[in-house]
Structures are given as C-alpha cells and as structure tokens.
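Please work through the following exercises with the sequence and the coordinates at hand. Each task is followed by a solution in steps.

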Amino acid sequence: MLVGELLFKYSLYNQWAHKRLLELINTLGVEQQHKTIPSSFDSLYKTVFHIWSAESLWLGRLNLSPIKISGDPFNESMEKLSDALEAVDQQWVDWFAAKQDFQLTKEIQYTNLAGQSFHQPYDLLLAHIFNHSTYHNGQLVTMLRALSLDKIPSTDFIAWVRINK
C-alpha cells in the first residue's frame, strides 16, 4: 500500500470517528457538553474545539495559507462547532483526493504557534495530525464515560476497516 493511500484512509477514518462521536455528543444537553471533567481540555466542548482548531491550523499550513484562530467563533455552540469539524474533515478528504503519492513525501517549511520554523515531510506531519486527533477522540470517550454514558460507539481504526473493505 502506498503512503498516500494509507493516509487517505486515515483521513476517511478520522472523518468517520468524529462523526460517530459528534452524533452522540450532540444528543447531550448544553450543561453536559460544557461540564468540567478533568482532561487535557476540561470539557467535551473544549476538547472538540481543540481538535477542530488543530486540524484547521494544520490544513492551513499544508495549503501554504496559514490561518489564525482567536476566540470562539461558535459562541460555545456544539452544533456549530460540530458542523465546522465535519467541514474540516471533508476538506482533509478532498485534500488527499487532489494529491499524488510523490507529493506527500516532499518537505514543507512551516512555522508553529510559538514562531519556530520547521522543515518536515508532509507524510510525517499527516501521521501526526491524525494521531493527534485519535488521541483526543480517546479523551472524548473517557469524558463520555465520566458522564455515565454507556452506549459509546467504537472509534477504533479496525472497526472502520471492517466496515470499509
């Protein structure tokens, strides 16, 4: 399997996992979505916001048009935030559809939020982006359990593979 094909599958998996989690989170009341729960980001909303902002920032960098995010453009609305994350997930899928494998091993120069400059290949950055998202998806699952939910959908990569043969 080529690097691009695997990363494209990760983009589809990432989209699927987010959709499953967001469908459940959006059935919860605003109080539960914003309830303080110990984690890297201390609520479901803040964690989803972090995933959206990280994926948006990286997409801007990889498109060579960096963006800045200040404040909360969704006014703490999980529904609006969910729509935005689903849109970014689709942009990742579309981004891969426009790339060939050789383009994904080229190096890109970018500047992080601390102003530090780096040169790294696209494929390793993309592996980081999807790994980062999966890490926070796991935190969302733990937070949902802390809210006493017990019917949490699986977001394991192998579960996605089994239904997308």
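The exercises below concern a predicted model and treat a helix, the internal cavities, the surface pockets and the salt bridges.

**Exercise 1. Helix α4**

Task: Compare the expected span of helix α4 with the separation of its end C-alpha atoms, and state what the buried residues of α4 pack against.

Solution:
- Helix α4 covers residues 78-97, which makes 20 residues.
- The expected span is 1.5 Å times one less than the number of residues, so α4 should span 28 Å.
- The end C-alpha atoms of α4 are 29 Å apart, which agrees with that expectation.
- With buried taken as under 20% relative accessible area, the buried residues of α4 are Met78, Leu81, Ser82, Ala84, Leu85, Val88, Asp89, Trp92, Val93, Trp95 and Phe96.
- These buried residues pack against α1 (3-25), α2 (30-34), α3 (44-62) and α5 (122-146).

**Exercise 2. Cavities**

Task: Determine how many cavities of 30 Å³ or more the structure holds, and describe the lining of the largest and of the second largest.

Solution:
- Two cavities reach 30 Å³ or more.
- The largest cavity holds about 40 Å³ of space, and its lining consists of Ile51, Ala54, Glu55, Trp58, His128, Ile129, His132 and Ser133.
- Both α3 and α5 supply at least two residues of this lining, which by class comprises four nonpolar, three polar and one charged.
- The second largest cavity, with a volume of about 30 Å³, is lined by His18, Leu21, Leu22, Val48, Ile51, Leu85, Asn137 and Leu140.
- Helix α1 gives the largest share of the lining of the second largest cavity, three residues, while α1, α3 and α5 each supply at least two.
- Six nonpolar and two polar residues, but no charged residues, make up the lining of the second largest cavity.
- Ile51 is thus found in the lining of both the largest and the second largest cavity.

**Exercise 3. Pockets**

Task: Describe the largest pocket and the second largest pocket by volume and lining.

Solution:
- The volume of the largest pocket is about 270 Å³.
- Of the 13 residues in its lining, Arg61, Pro66, Ile67, Thr111 and Leu113 lie nearest the centre.
- Helix α3 and strand β1 (107-111) each contribute at least two residues to the lining of the largest pocket, which contains seven nonpolar, four polar and two charged residues.
- The second largest pocket holds about 160 Å³ of space and is lined by His50, Ser53, Ala54, Leu57, Trp58, Arg61, Tyr110, Asn112 and Leu113.
- With six residues, α3 gives the most to the lining of the second largest pocket, where five residues are nonpolar, three polar and one charged.
- Arg61 and Leu113 are found in the linings of both pockets.

**Exercise 4. Salt bridges**

Task: Which side chains form the three salt bridges, and are the partners buried or exposed, or in between?

Solution:
- Glu5 and Lys9 form a salt bridge with an N to O distance of 4.0 Å; both lie in helix α1, four residues apart, about one turn of the helix.
- Glu5 has a relative accessible area of 39% and Lys9 one of 28%.
- Glu23 pairs with Lys19 in a salt bridge, with the closest N and O atoms 3.5 Å apart; being four residues apart in helix α1, Glu23 and Lys19 are separated by about one helical turn.
- The relative accessible area is 46% for Glu23 and 42% for Lys19.
- Lys46 forms a salt bridge with Asp42, with the closest N and O atoms 2.9 Å apart; the relative accessible area of Lys46 is 44% and that of Asp42 is 26%.
- Partly exposed lies between under 20% and over 50%, so Glu5, Lys9, Glu23, Lys19, Lys46 and Asp42 count as partly exposed.

Technical notes
Residues are numbered from 1 along each chain as its sequence is written. This is a predicted model: local features need pLDDT of at least 70, side-chain atom pairs count only at pLDDT 80 or more; totals for chains, interfaces and linings use all residues. Side-chain values use heavy atoms; hydrogens and water are left out. Buried means under 20% relative accessible area, exposed over 50%, partly exposed in between (1.4 Å probe, protein chains only). Contact means heavy atoms within 4.5 Å. On a 1 Å grid over the protein atoms alone, a cavity is a set of points where a 1.4 Å probe fits but cannot get out, and a pocket is an open set with protein on both sides within 12 Å along at least five of seven lines; lining residues have an atom within 4 Å of a point. Grid points are joined across faces, edges and corners, and a volume is the space filled by probe spheres set on the points. Ala, Val, Leu, Ile, Met, Phe, Trp, Tyr, Cys and Pro count as nonpolar, Asp, Glu, Lys and Arg as charged, and the others, Gly among them, as polar.
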